[in-house]
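The following report is written for a reader who has the sequence and the coordinates side by side. It moves from strand pairing to helices, a loop residue and aromatic rings.

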Amino acid sequence: MPVRDFSGLVDPHTVETRSGRLVATLAHGHLFRVGAVGVVPELAAGLGTVAGDVLTVTLGDSARFHDGSPVMAQDVVASFRRIAGLGDQSPVGRLVAALGVSEAGPRMVAIAFPRGTLLDELRALLARPEVAIVKGGQPGVGAGTFRPTTGDGDRRTLVAWEGHAEGRPWLQEVRLVRVSRTAEEGAFRYGDVELAFEPLRMTPAGTQSARGGWSSWLLVFHPRYRGSGASGGAGALRGWVQGAALEARLGRFVDGRTVPGEVPWPDALSPVTAGTRGAKAMLAREQMVVSYADGEPDSEELAKAVRDLVRPVTRGEARVLPVRGLDAGDARRAGDPPWDLAVVRWEWAALTASQAAFELARALGLSPPSAAEVLSRRVTEWARGVVQRDEAIALVHAERPVALHAKVRGVGGSGAGILNLPNLVDAYVPGAR
């Protein structure tokens, strides 16, 4: 399986990438997980019972860490407290901090939640790869479906864990291979990896596909154009660029099933529908530079399209600038970058529209909705404000398929394909058990 990094092995509580989340789902245990029919128990014996504003969860009798020790309530409490203590260092730190977790017995935990919390939203949060249960609350020993064994450099091996709460998985072994986006198609074609997350230009015979989740290409503006107080009619520029991007139908430059970027979220994760936009004035500049992550073909094509879009608001040159390793975090944190607009690709981690609202705020440095608003799914007004102020602009959204070699069976998308991760728990290779 191709990955960009092994961060999910090192510390699941802080993973920020799809590779990190994917590894965290395999190597670490969670109270719940996302199955084909929604959220289901993993380390928990069931979905829990509710009394007032407290969810009580009993741990499964067979749940074991990879060192053979049982998963106890104290491990769950310590893990939650660590995530909460990480704050913004964890993608879900603020959300977990709104929960009160305590031991209700050796293998039972009580999770107090804010008033108005919807249980489906709470369970979806607890099923996130980042909300992993680790021994003593510290990264090191996990309780996932697959146990890390050997490997160094660009390769790691995980083997089926007999002591998992749900029993031994069908899949016997997972080998992780660190592969760049540009090398992934070749690795798939020559059999070095058996899954591919990047779209294939040529598809080998017998290749299957599963739903791989949503990616979005967001447009990050130079700090001079951000916020309502930005000078020189920057808000007008943001709105004009969005309107021009919608008219240009940029989905033709991206592989996968695409939808226009009318709002910053794909339809499956959007807390708000598109609003009516008024006419926007144009802001002329001497030059406009559009950057993108070097080595990402889709991002390059979109950047060139955006360059052509902004020529009318440029008195001089409009050009593109490849930037090595550019991502949303780099673009947001840049103080005075050498570009005016940055095209960045975002692979969604959220399981719900409320989580997606919180996620976008974190990705682009916006003031986020509160944890109570997220857990009660009261984020519509916040999301509507983001759209009306043009604070976050999406160029296009795409549901990207995962390609699988013919001999791999039983791999489906997680849930409705929202999580952007293939479900390997029930997968198998014929003849291997």
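Strand β11, formed by residues 195-196, is joined to β17 by two bridges, and the two strands run antiparallel. Within this pairing, L195 stands opposite L404 of β17. The model is a predicted one, and the statements below should be read with that in mind.

**Strand β17 and its partners**

Strand β17 covers residues 393-404 and is mostly covered, with 11 of its 12 residues buried. Besides β11, strand β12 (residues 208-221) also pairs with β17 in the antiparallel sense, here over 10 bridges, and in this pairing S216 is found opposite H397. A further antiparallel pairing, over four bridges, links β13 with β17, where T258 has A398 as its bridge partner. The table sets out these pairings, each with one facing pair of residues.

| Strand paired with β17 | Bridges | Sense | One facing pair |
|---|---|---|---|
| β11 (residues 195-196) | two bridges | antiparallel | L195 and L404 |
| β12 (residues 208-221) | 10 bridges | antiparallel | S216 and H397 |
| β13 | four bridges | antiparallel | T258 and A398 |

**Strand β10 and its two pairings**

Strand β10, residues 173-178, pairs with strand β1 (residues 2-3) in the parallel sense over two bridges, and V177 in β10 is the bridge partner of P2. Strand β9, residues 155-160, pairs with β10 in the antiparallel sense over five bridges. In that second pairing R156 stands opposite L176 of β10. R156 also has a ring beneath its charge, since the residue lies over the face of F6 at 4.4 Å from the ring centre.

**An open sheet of four strands**

Elsewhere, an open sheet of four strands follows the order β4-β5-β7-β6 with antiparallel pairing. The edges are taken by β4 (49-51) and β6 (100-105), each of which has a single partner strand, so one side of each is left without a neighbour in the sheet. From one strand to the next, the twist of this sheet averages 25 degrees. At one edge, β6 pairs with strand β7 (residues 108-112) in the antiparallel sense over five bridges, and E103 stands opposite V109 of β7. Helix α3, residues 73-86, lies across both β6 and β7 and runs at about 175 degrees to β6. As a general point for reading such sheets, side chains in a regular strand alternate between the two faces.

**E16 and helix α2**

Where in the chain is E16 placed? This residue sits in the loop between α1 (7-10) and α2 (18-27), and E16 counts as partly exposed because its relative accessibility is 38%. Beyond its neighbours within four places in sequence, E16 is in contact with R21, Q89, P91 and R362. With R362 there is also a polar contact of 2.4 Å between the two side chains. The C-alpha atoms of E16 and A357, which are 341 residues apart along the chain, are separated by 16 Å.

The helix that follows this loop, α2, has nine of its 10 residues buried, and therefore it is largely enclosed by the rest of the structure. R21, named above as a contact of E16, is one of the buried residues of α2, which also include R18, S19, G20, L22 and V23.

**Aromatic pairs**

How many aromatic pairs does the structure hold? There are two aromatic pairs. One is formed by F221 and Y225 and is edge-to-face, with 6.4 Å from centre to centre and 80 degrees between the planes. F221 counts as buried because its relative accessibility is 4%, and Y225 is likewise buried, with a relative accessible area of 1%.

The rings of W265 and W382 have their centres 6.4 Å apart and their planes at 55 degrees, so this pair is tilted. W265 lies in the loop between β13 (257-260) and β14 (288-293), whereas W382 belongs to helix α12 (residues 380-388), so the pair ties together parts that are 117 residues apart in sequence. W265 is buried, with a relative accessible area of 0%, and W382, at 15% relative accessibility, counts as buried because the cut-off is under 20%.

Methods. Residues are numbered from 1 along each chain as its sequence is written. This is a predicted model: local features need pLDDT of at least 70, side-chain atom pairs count only at pLDDT 80 or more; totals for chains, interfaces and linings use all residues. Side-chain values use heavy atoms; hydrogens and water are left out. Buried means under 20% relative accessible area, exposed over 50%, partly exposed in between (1.4 Å probe, protein chains only). Contact means heavy atoms within 4.5 Å. A polar contact is a pair of N or O atoms within 3.5 Å; within protein, one must be able to donate a hydrogen and the other to accept it, and residues adjacent in sequence count only if both atoms are side-chain atoms. Two strands pair if DSSP finds at least two bridges between them. Rings of Phe, Tyr and Trp (its six-membered ring) pair if their centres lie within 6.5 Å; planes under 30 degrees apart count as stacked, over 60 as edge-to-face and the rest as tilted. A charge sits over a ring if NZ of Lys or CZ of Arg is within 6 Å of the ring centre and within 35 degrees of the ring normal. Axes are lines fitted to C-alpha atoms, for helices over the stretch in contact, and angles run from 0 to 180 degrees between N-to-C directions.
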